[in-house]
Amino acid sequence: MTINPKIKEKIVLALDVDTVRQAKELITELKDYVGVFKVGLQFYTANGGEVFEFMKDIGAKFFFDVKLLDIPNTVKKASENIVRSGASFYNLHALGGAEMMRQSVEGAQAAAAEIGAQMPVILAVTVLTSINDDVLNNQLKIPFNSLDYVATLAKLAKDSGMTGVVASVNEAKRIKEVCGNDFKVLCPGIRPEWSVKGDQKRPATPAYAIEQGADWLVIGRAVTAAENRLDAMKKIYDEIEKVI
Ligand code: C5P
């Protein structure tokens, strides 16, 4: 199959596995089809950054899904280290506020200049999808519905220099309306029709996510747990091809 680079750059594959060996297997098998590999806290806290070195060696891009939230100076220093590790994407919580986000950009700029790398994509997490309106209003005492609050935090993230946000497909349109089309949206919770839903309550298909304005799609078990991973990936390519 010829690989459409416009689709490849949209595919973010979640490396949600237990061991470095399993991660390397996935990366080797799928690197031609994947724009960015996502390393999350579960994998990183078990295995550290060994897989980062592997990806750098073979020229694969990676997203460190680290969700920083701390005082601005600490986030700045952590951002410098993340860029030095070779990450092309990383993220932080918009709830850390404008100063924290701006300091992260400063740290990333300094480290990128130091190692001669491109500026990374920095994404803000707005409201975790595990937090519903009840938790938002009654536990956290935030008196807004989640869609409005997501839009507010996305605008703050944009004004603080973020490349975009991590958001559910249901929020993508609203974020683009508020922040403009150039402000990027990365969407997890993607399931093609033929794939098992797993624990995702309201998954969106790849085609629907693209139609809603998603710039990047996080693909996890739809591919990684498929009987034939390459076949699953090709079906996702076919589906996206129809809508771009
Ligand atoms: O469910 P799936 O295997 O596709 O998940 C892929 C990745 O997306 C996982 O790393 C998960 O943490 C992340 N994610 C998610 N739903 C959210 C936010 C993040 O599945 N609402």
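Strand β1 (residues 11–14) and strand β2 (residues 36–40) pair in the parallel sense, and 3 bridges join them. Within this pairing, Val-12 has Val-36 of β2 as its bridge partner. The model is a predicted one, and in it β1 and β2 belong to a closed barrel of 8 strands.

**The barrel and a helix packed on it**

- The barrel follows the order β1-β2-β3-β4-β5-β6-β7-β8, and its strands pair in parallel.
- On average, neighbouring strands of this sheet are turned by 25° against each other when direction is ignored.
- Helix α6 (residues 98–115) packs on the sheet, where it touches β3 (62–68), β4 (89–93) and β5 (121–125).
- The direction of α6 makes about 160° with that of β4, and an angle over 145 degrees counts as roughly antiparallel.

**The packing of α2 with α12**

- Helix α2 (residues 20–30) packs with helix α12 (residues 229–241) at an angle of about 50°, and the axes of the two helices lie 11 Å apart.
- Because angles that are neither under 35 degrees, nor over 145, nor from 65 to 115 count as oblique, α2 and α12 are oblique to each other.
- The crossing in which α2 passes α12 is right-handed.
- From α2, the residues Glu-25, Leu-26, Glu-29 and Leu-30 take part in the contact, and they meet Arg-229, Leu-230 and Met-233 of α12.
- Sorted by class, this contact of α2 with α12 comprises 4 nonpolar and 3 charged residues, with no polar residues.

Technical notes
Residues are numbered from 1 along each chain as its sequence is written. This is a predicted model: local features need pLDDT of at least 70, side-chain atom pairs count only at pLDDT 80 or more; totals for chains, interfaces and linings use all residues. Side-chain values use heavy atoms; hydrogens and water are left out. Axes are lines fitted to C-alpha atoms, for helices over the stretch in contact, and angles run from 0 to 180 degrees between N-to-C directions. Helices (H or I, at least four residues) and strands (E, at least two) are DSSP runs, numbered from the N terminus. A crossing is left-handed if the near helix is turned anticlockwise from the far one by less than a right angle, and right-handed if clockwise. Contact means heavy atoms within 4.5 Å. Ala, Val, Leu, Ile, Met, Phe, Trp, Tyr, Cys and Pro count as nonpolar, Asp, Glu, Lys and Arg as charged, and the others, Gly among them, as polar. Two strands pair if DSSP finds at least two bridges between them.
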